[in-house]
Amino acid sequence: MEHIKLQMGCFLIVFYIIFIYYKEKRDFHQKERSVYFEILLWVCAASIILDGATAYTVNHLHTVPSLLNLILHCLFLVSIDCVIFSMTLYILSISDGFPEKKSHRIVLFFPFFISIITAVFSINRLRYEVGNISNYSMGTPVYACFFISGVYTLLCVALIFRRWRRIESHKRIGILTGLFVVICVTTYQMFVPEALITAIGTTMIILGAYMNHEDPAMAALEQYHTEMVTGFATLVEKRDDNTGGHVHRTTLYVNLLTRELRKKGYYRDILTRDYTNNLIKAAPMHDIGKIAIPDSILQKPGKLTKEEFETMKHHTVIGHKIIQDTFGNLQEKQYSSIAAEIALYHHEKWNGRGYPEGLQGENIPLSARIMAIADVFDAISQKRCYREAMPLEQCFSIIAEGKGTDFDPLLTEVFLDIREKVESTCSQTLKS
């Protein structure tokens, strides 16, 4: 047992994380799965078991059948390849996704397959060495395993620094810490092969991913925060005498438009996965400043006077200040920044004739330009205290007419391209 104490301890840690992860997902009723994390979780658990098994067999060569020893070593080396590759896929999944080009994806998988093939077909070249601390295995399949670890670790480092600005700061720390541990453990294992500390690196990968990104309790807390913000925004919306649902519908339209922009490859450096998620979470707060506007103006059935309209326009500045005061100290700086931008600038126009600052063209933040289209479309397609809802055909015509004057021309084109999705979403929200 003395040769597998480390692996047993590491397995207990990973087993505990597996137990807590699935228990908290059940307790917090979280149905969404982090597929790549779950794959990494189970692959690491299997690798630690195989690590312990080989640590035992390599130190009991006279009592363990040689074929069994060879099979276990082959499975262990393959599992290490799977751990490294799964870690790479996981890092890609949380750092703005996988390569878009098919050729790049093929290149991504190629070293993994080569290493697996090498491990399987050269396993008969495995040799066992006697060390001062423990016996250990060396040979072509082991060298191939070290090689694949180096290739994918360097690939991950290169990707992280290439996408550095697109990754949230707390994710950067978690990813770099995990890679640093892998590099240290792999390097030490190469120069001191009898140490058999591979399980430490595997465990630290899981521990870092869980604590920094995948803890269901933290995900539930974030969900509660989103629901609280949406609830607050809905309460503000209820002061406005309309049919309701504006916050929900505009968020859905923002989601549709933003995802389509990402799909088409527009604003790739801005519309990262984190930016998109933060924009969708921040969208409900665009009219939060209306909380300070008198009911007599919000609910006036007729046209506003010049003075009343000036008061109404001030809701953008008020909303911006509320968000800065309330959310400005959050760790997620991007989220609070986007929320403040859309609150302040979602009434700006492409030609510079909007308010409150009269910004023009791309001087208007992208988040606010996206919000502007969603906000106007919902405003004209729904009943208001001063008019009836317009037919959808007319609503899309108004959006089209605003291309290059009220709205960003590119965003307008993309919005019109997804007309069927927008119409479907609009009808579904009215039914619900």
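## Rings, helices and odd angles

This predicted model has 15 aromatic pairs. Let's work through a few of them, then look at some other spots.

**Exercise 1.** Work out which kind of pair the rings of Phe-85 and Phe-109 make.

*Solution.*
- Start with what you need: a pair of aromatic rings is described by the distance of the centres and the angle of the planes.
- The ring centres of Phe-85 and Phe-109 are 4.9 Å apart, and their planes are at 65 degrees.
- Ring centres must lie within 6.5 Å to pair, and planes over 60 degrees apart count as edge-to-face. So Phe-85 and Phe-109 form an edge-to-face pair.
- Now place them: Phe-85 is in helix H3 and Phe-109 in helix H4, so this pair ties together parts that are 24 residues apart in sequence.

**Exercise 2.** Decide for Phe-85 and Phe-109 whether each is buried, partly exposed or exposed.

*Solution.*
- The cut-off for buried is under 20% relative accessible area, and exposed means over 50%.
- Phe-85 has 6%, so Phe-85 is buried.
- Phe-109 has 32%, so Phe-109 is partly exposed.

**Exercise 3.** Phe-85 also pairs with Tyr-152. Describe that pair and say where Tyr-152 sits.

*Solution.*
- The centres of the Phe-85 and Tyr-152 rings are 5.5 Å apart with planes at 65 degrees, so this pair is edge-to-face.
- Tyr-152 belongs to helix H5 while Phe-85 belongs to H3, and the two residues are 67 apart, so the pair links distant parts of the chain.
- Tyr-152 has a relative accessible area of 1%, so Tyr-152 is buried.

**Exercise 4.** Find what is unusual about the backbone at Leu-196, Tyr-267 and the bond between Tyr-355 and Pro-356.

*Solution.*
- Here's the background: most residues other than glycine have a negative phi, and most peptide bonds are trans.
- Leu-196 isn't a glycine, yet its phi is positive, about 55 degrees. Leu-196 sits in the loop between helices H6 and H7.
- Tyr-267 isn't a glycine either, and its phi is about 50 degrees, also positive. You'll find Tyr-267 in the loop between H9 and H10.
- Tyr-355 and Pro-356 are joined by a cis peptide bond, with omega about 15 degrees. Pro-356 is in the loop between H14 and H15.

**Exercise 5.** Compare the reach of helix H15 with the expected value, then say how covered the helix is.

*Solution.*
- H15 has 16 residues and spans 23 Å from its first C-alpha to its last.
- That is close to the expected 22 Å.
- Of its 16 residues, 14 are buried, which leaves H15 mostly covered.

How values were computed: Residues numbered from 1 in each chain as written. Predicted model: local features only at pLDDT ≥ 70, side-chain atom pairs only at ≥ 80, totals over all residues. Heavy atoms only, no water. Helix = DSSP H or I, 4+ residues; strand = E, 2+ residues; numbered from the N terminus. Expected span 1.5 Å × (residues − 1). Buried < 20%, exposed > 50% of the residue type's maximum accessible area, 1.4 Å probe, protein only. Phe/Tyr/Trp six-rings, centres within 6.5 Å; stacked < 30°, edge-to-face > 60°.
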